[in-house]
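Let's take a walk through this model together, starting at the ligand and working outwards. Keep the 3D view open as you read.

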Amino acid sequence: MPPSKKKTIYACQECGHSQSKWFGRCPACGEWNTAAEERIREETARDAAMQTPAPQTKAQPLHEISVEDSQRLQTGFPEVDRVLGGGLLPGAAILLGGEPGIGKSTLLLQVADRVSANYGRVLYLSGEESPAQIKLRAERLGSASPELLIKSETSVEEMIADIREIRPFLAIVDSIQTTHWSELTSAPGSVAQVRDCASLLIRLAKETATPIVLVGHVTKEGQIAGPRVLEHLVDVVLYFEGDSHQLYRLLRGVKNRFGATHEIGVFEMTGTGLHEVANPAAIFCGASGQRAAGTAVTVIMEGARPMLIEVQALAAPFHGHGFPRRASSGVDVNRLAMILAVLEKRLETPLGTRDIFVNVTGGITVDEPAGDLGIAVAILSSFFDIPVPPHSIMFGEIGLTGEIRAAPGAEQRLREASQLGYTNAIVPDANARDLLRQGVSMDGRNRVSKIDEVRSLLFSS
Ligand code: TYD
Ligand code: MG
């Protein structure tokens, strides 16, 4: 057999597509100038890195598989466990993405400490900080578990050896962008390094039944730096998000092979690390009293959890040349354009002569169609300069003909809002009919089926 040959491939730094010929534009994702040369040995090198003869495991009959095999470890943070779908499964590969500085290392060090206090050895491998730096952080967090092991490491082969030797209950690799495999000539953080190091670690997770968390930095555009293929390789993808200038952080599950997705956990960043927020429904909207014109409170569903959020809008006179501005934070600009077009056409409000700014407080993103009505009401409230009556919430999707469509989970949304003192509501007619049928009271709740009814209800003075 010939010795393993070096081979050159070209990999797209954007999507991970690779081929033997150079390309100017990636045939897979269409990005320009993303080809990077990668030198890689033949498949034999991958196997050598794992340094084990393949274990001769056999497929088992389903009924013989003991449930213990798949028992979940509790992280000690109920909010984290909920997002994970009940805890950490042995052998699970979990990707934790987030912008630099958002608190990923802090969260994982706290989780590592609690897991090791409850179960035993946990290995925290960091390519970003020295053990002394991690120690300083741990002191601030009050972490003290004697079985929490820390190592500064960037070599994936060493990591594999460490995990094999230590056999931890949980291993954390912080971050996948600083991890490198000596078989590849490309720099750490390149698409090939990220992808291949991750696949080696994922294989190891399965083989040793160790849950492994990989930290992935996210670029400004919101993508895990390097390949999106990482998301396809792992079992669970979590994002840690929020505005780093504010206190609150959201842990969001976007993929989970073992549980429900779209769950969120809410944390507060304090001087002593992250603390769970037990009742987060109201943190982004404040008290239910009178507000200024241009604000509206809506209820969005984050997984199974209703959250009240405040939408602010400013419809300012436009004096420039060309097109008036449409800017938004926390709302997709295309969605905003659609809502504005409906308001302009169906209500004959001259919004085309206004600059429009929309902002969702707290760094939250409204990507649920049921948030449409809150956005529309905030804009109209600013346009007419009439505040929304106090203690009011509204939700519902707006269709192109101006119809207000039903939202899922209406009863839950209304219940949460009432508990927080928001006793008035504007509810899509289709939801209201269902609610009445179920015997839910419509006291203080107005039903609407068209956007013009919303205007007459709130802004006809
Ligand atoms: P870090 O976990 O290092 O972020 P990441 O790993 O996602 O890059 O978090 C860094 C920020 O968190 C930093 O700005 C300091 C802040 N912080 C606190 O406010 N309180 C704390 O107890 C700790 C440890 C960090
Ligand atoms: Mg970090």
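Ligand 1 is surrounded by 16 residues, and the closest of them are G101, S105, T106, T270 and G273. Keep in mind throughout that this is a predicted model. Sorted by class, the shell around ligand 1 holds four nonpolar, eight polar and four charged residues. Three elements each supply at least two residues of that shell: α3 (104-118), α4 (131-141) and β11 (264-270).

Here are three polar contacts of the ligand that you may like to look up.

| Protein side | Ligand 1 atom | Distance |
|---|---|---|
| S105, side-chain N or O | oxygen | 2.7 Å |
| R140, side-chain N or O | nitrogen | 3.1 Å |
| T270, backbone N or O | nitrogen | 2.7 Å |

Taken alone, ligand 1 exposes 560 Å², and the protein buries 75% of that.

Now let's step back to the whole protein. The fold has 12 helices and 21 strands, and its C-alpha atoms fill a box of roughly 85 × 50 × 50 Å along the principal axes. Of the 461 residues, 49% are buried. The accessible surface comes to about 21100 Å², with 52% of it belonging to carbon and sulfur atoms. Among contacts with a separation of 6 or more, 67% join residues 24 or more positions apart.

What about the interior? In soluble globular proteins, nonpolar side chains tend to be buried together. The largest nonpolar core here has 45 residues, and those touching the most other members are L343, V358, L373, V377, I379 and I451. At least two residues of this core come from each of β11, β13 (295-302), β14 (305-317), α8 (333-347), β16 (354-360), α9 and α12 (451-459). Which element gives the largest share of this core? That is α9, with eight residues. Notice that β11 appears both in this core and in the shell around ligand 1.

Helix α9 deserves a closer look, and A378 is a handy place to start. This residue sits in α9, which spans residues 372-384. Is A378 buried or exposed? A378 counts as buried because its relative accessibility is 0%. Leaving out residues up to four places away in sequence, A378 touches G294, T295, A296, V311, Q312 and A313. For a sense of scale, the C-alpha atoms of A378 and T178 are 44 Å apart, with the two positions 200 residues apart along the chain.

Just before that helix you will find E368, in the loop between β16 and α9. E368 has 16% relative accessibility and therefore counts as buried, since the cut-off for buried is under 20%. The side chain of E368 makes a polar contact of 2.8 Å with the side chain of R413. Apart from neighbours within four places in sequence, E368 is in contact with V299, I300, M301 and R413.

One more loop residue is worth a visit. T34 lies in the loop between β2 (18-19) and β3 (35-41). With a relative accessible area of 9%, T34 is buried too. Setting aside residues up to four places away in sequence, T34 touches A11, C12, Q13, E14, F23 and C26.

Note on methods: Residues numbered from 1 in each chain as written. Chains lettered and ligands numbered in written order. Predicted model: local features only at pLDDT ≥ 70, side-chain atom pairs only at ≥ 80, totals over all residues. Heavy atoms only, no water. Helix = DSSP H or I, 4+ residues; strand = E, 2+ residues; numbered from the N terminus. Buried < 20%, exposed > 50% of the residue type's maximum accessible area, 1.4 Å probe, protein only. Contact = heavy atoms within 4.5 Å. Near = heavy atom within 4 Å. Polar contact = N/O pair within 3.5 Å; in protein donor to acceptor, adjacent residues only side chain to side chain. Areas by Shrake-Rupley, 256 points an atom, 1.4 Å probe, with all protein chains shown as cover. Nonpolar A, V, L, I, M, F, W, Y, C, P; charged D, E, K, R; others polar. Core = buried A, V, L, I, M, F, W, Y, C linked by side-chain atoms within 4.5 Å.
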